[in-house]
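The following exercises concern salt bridges, a pocket, a residue environment and a strand. Each task is followed by a solution in steps.

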Amino acid sequence: MMKTQQERQPGKIATKFNQEKTREGKKLKIAVVAQDSQYPSTIQRFLAEADKSYPLISLIGGVQQVAAVAEQEQPDLLMLEGQYFSSMELETLNRVTSRFPDVGVVMLCPAQPPELLIEVMRAGVREVLPTPLTRHGVIDAVERFQQRIALSRMPMHECKVLAFIPCKGGSGATFLATNIAYALAAQENKRVALFDFNLQFGDASLFVQDGPPATSIADVARQIQRLDGSFLNSSMIQVLPNFGMLAAPESPEKAAEIRSEHINPLFQVAMKHYDFVILDVGRELDAISIQALDRADLIFPVLQQTLPSIRDARRMSAAFAALNYPDEKIRLIVNRYKKNADITLDDIESTLNLKIFKVVPNDYAVVTGSVNQGIPATKLAPRSPVAKSLQEIAHELCRGAGQGNLLRKLFAF
């Protein structure tokens, strides 16, 4: 077990900064926490020999000092000497890596058995460098993290987050979310991610494929500290090469593992890698669903031409107003539309004081076949009225400034 900072060097953090800028922007900032002062001096020497003049912070101590270094110095890369961590030290390390997910932690230690390496990886360690250190190993590790930091600081491409939510059970929100996501990927060639945020009873995956999901949002949440684009992609059902779906948990018990602090990291990673992030949100408005709706650029409440559906749509509209969502963020979709129904579109708009964005025709045979077979409607029956309607919605969501400024109008708020 490592000695504490108070035992070796009380209250003192030795810092050497180089404030120069590189062409790529801010330099990688490195912190070394070790019992043996030879480690930081050796790492600094290797960096100097390779002409890598990064800001370097050195601290004599162990795991108990990691939190202070991460919070006060905010390094990009933290190198920690260690060999055998107690369960308490692993718990401390896990709290730090969860709180500071952008800090890359590298463990410096002699060769260890696989079971120990698995334990430290679970606690948030991203790499293990064997000791005695070599110049090649240190430089390679630093360059890998420098590349990771450079990628994270690149300007984020434009990504739109679209949330579909049913005004009443059976409104067809999941069908629309999954099928519009598929149309965006298949017809519009966009990179699309769909998150099933109906955490208790979500079944969005069944609408576009017929196999059980191998992983879910709960699995990602359990390892949120290691979430990056590759990990997210490997956790999703790949419906198409450019369309992945992150399934809801298989049981309500697993859904309880997902907490509100998991949501922002999920969006931060997804929005770097996809053109559209589609959310299938359940009717229940809780801390997690509200946080997801807050991140949405547009919310699509889905209703039908029935009094109970319109009544619930009115309640939902009031809830959105209480959350300070502007009317421009809300886009009503009337599903299973019938032209000769007793309740007209004008009735709906006047009752809800909201404009209808789109109507999706009642095409019972095609929709039922699509849902039962797990095949998107645009693939199963591409010339059907419902498929054409879905394709039109996807196309309009993709229109740019050169096509009537519709996308600017849709997202202008």
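Buried means under 20% relative accessible area, exposed over 50%, and partly exposed in between (1.4 Å probe, protein chains only). The structure is a predicted model, in which local features need pLDDT of at least 70 and side-chain atom pairs count only at pLDDT 80 or more, while totals for chains, interfaces and linings use all residues. Residues are numbered from 1 along each chain as its sequence is written, and side-chain values use heavy atoms, with hydrogens and water left out.

**Exercise 1. Determine the accessibility of Glu 158 and of its salt-bridge partner Lys 160.**

Step 1. Apply the criterion: a salt bridge is a side-chain nitrogen of Lys or Arg within 4 Å of a carboxyl oxygen of Asp or Glu. Glu 158 and Lys 160 satisfy it with an N to O distance of 3.5 Å.

Step 2. Classify each partner. Glu 158 is exposed, at a relative accessible area of 57%, whereas Lys 160 is buried, at 15%.

**Exercise 2. State which parts of the chain are linked by the salt bridge between Asp 275 and Arg 191.**

Step 1. The side chains of Asp 275 and Arg 191 meet at 3.1 Å, N to O.

Step 2. Asp 275 lies in the loop between α11 (263–273) and β11 (276–281), and Arg 191 in the loop between α7 (173–186) and β8 (192–197); the pair links distant parts of the chain, 84 residues apart. Helices (H or I, at least four residues) and strands (E, at least two) are DSSP runs, numbered from the N terminus.

Step 3. Asp 275 is buried, with a relative accessible area of 17%, and Arg 191 is partly exposed, with 39%.

Step 4. Turn to shared partners: Lys 168, Arg 283, Arg 311, Asp 312 and Arg 315 are joined into one network by salt bridges. The total under the criterion is 15 salt bridges.

**Exercise 3. Describe the lining of the second largest pocket.**

Step 1. Fix the term. On a 1 Å grid over the protein atoms alone, a pocket is an open set of points where a 1.4 Å probe fits, with protein on both sides within 12 Å along at least five of seven lines; lining residues have an atom within 4 Å of a point.

Step 2. The volume of the second largest pocket, taken as the space filled by probe spheres set on the points, is about 650 Å³. Of its 34 lining residues, Pro 166, Gly 170, Gly 172, Ala 173 and Thr 174 are the closest to the centre.

Step 3. α15 contributes the most to this lining, with four residues.

**Exercise 4. Characterise the surroundings of Pro 301.**

Step 1. Pro 301 belongs to strand β12 (residues 298–303) and is buried, with a relative accessible area of 3%.

Step 2. With contact meaning heavy atoms within 4.5 Å, and residues up to four places away in sequence not counted, Pro 301 touches Ile 165, Cys 167, Met 316, Phe 320, Ile 330, Arg 331, Leu 332 and Ile 333.

Step 3. Pro 301 and Ile 165 are 136 residues apart in sequence, yet their C-alpha atoms are 4.9 Å apart.

**Exercise 5. Explain why strand β5 is described as largely enclosed.**

Step 1. Six of the six residues of β5 (residues 104–109) are buried, so the strand is largely enclosed by the rest of the structure.

Step 2. Gly 104, Val 106 and Leu 108 point one way from β5, and Val 105, Met 107 and Cys 109 the other way.

Step 3. Strands pair if DSSP finds at least two bridges between them; β4 (residues 77–81) and β5 pair in the parallel sense over five bridges. Val 105 in β5 is the bridge partner of Leu 78.
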